[in-house]
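Biologist: Please choose a single part of this model and take me through it slowly, explaining each term as you go.

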Amino acid sequence: MPAQQKKVIFCIAGVLSFACALGTAVAVGTQLWVKGTILCKTGALLVNATGQELQKFIGKIQYGLFHGERVRQCGLGGRPFQFSFFPDLLRIIPASIHVSVILFCTVLVVFALVGAGFFMLNAFGSPYETLHGPMGLYLWSFITCCCGCLIMILFSSEVKIHHLSEKIANFKEGSFAFKTHSEQFANSFWIILVCSLVQFLNTLLIRFAGFEFPFSKSKHSGMTTGAADLMY
């Protein structure tokens, strides 16, 4: 492939990688990871609410990795509450999973920025063959993609398996019990998915630029050497 086309491909990959880092950094700071509704089970059972009347006992909740907001609905109008994961909710949430999600988000941002820098170095400079060259580009893209997948898996398990929304809704609630009525992942969660897909696309762009996938050459040369040994 001509050098000019390789330069264009690496520039595109570098811009995409930088966009991933920027998007992830913004997503970490928002409250738009989960949106849902919370049913005041105690209040609904007291009045035997059904149908349209049940809507008076359904509040809203949304949260991110650090803070969130919920509207408490128990038949007497909505009451908004702000909450923070650190340090308020650490005792009731799976803290190890939650901290791991934040850690992998940080790693994703760092390696996406590193990848963006090395893509530009390969586009405009004369990089070394090891971590500065195509091998490094594959490595940074692979690590970033894996981090994105781990973030989605861990956060999904925290929300769905550990019932995170329900635990938040029942935090410091003495007389009333709340139950998750509906919940869905919001924009920031899907940004992580997009970043993972973009990093996978970057690996394809590297291959399209004419560089073999890691270990493919060594495997081929090993087969050739083996065939030559058989001849002797």
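Modeller: A residue is called buried under 20% relative accessible area, exposed over 50% and partly exposed in between, with a 1.4 Å probe and protein chains only as cover. The model is predicted, and local features need pLDDT of at least 70. Residues are numbered from 1 along each chain as its sequence is written.

The part I have chosen is helix H5, residues 164-169, together with the loops that join it to its neighbours. Helices (H or I, at least four residues) and strands (E, at least two) are DSSP runs, and they are numbered from the N terminus. Starting with the loop between helix H4, which covers residues 134-161, and helix H5, you will find His163 there. His163 is not a glycine, and yet its phi is positive, at about 50°. Its relative accessibility is 47%, which means that His163 counts as partly exposed.

If you now follow the chain through H5, you come to the loop between H5 and strand E5, residues 178-185, and this is where Lys172 is found. Lys172 also has a positive phi, here of about 60°, although Lys172 is not a glycine either. Because its relative accessibility is 72%, Lys172 counts as exposed.

To put the picture together, the loop from H4 to H5 holds His163, and the loop from H5 to E5 holds Lys172. While His163 is partly exposed, Lys172 is exposed.

Methods. Predicted model: local features only at pLDDT ≥ 70, side-chain atom pairs only at ≥ 80, totals over all residues. Heavy atoms only, no water.
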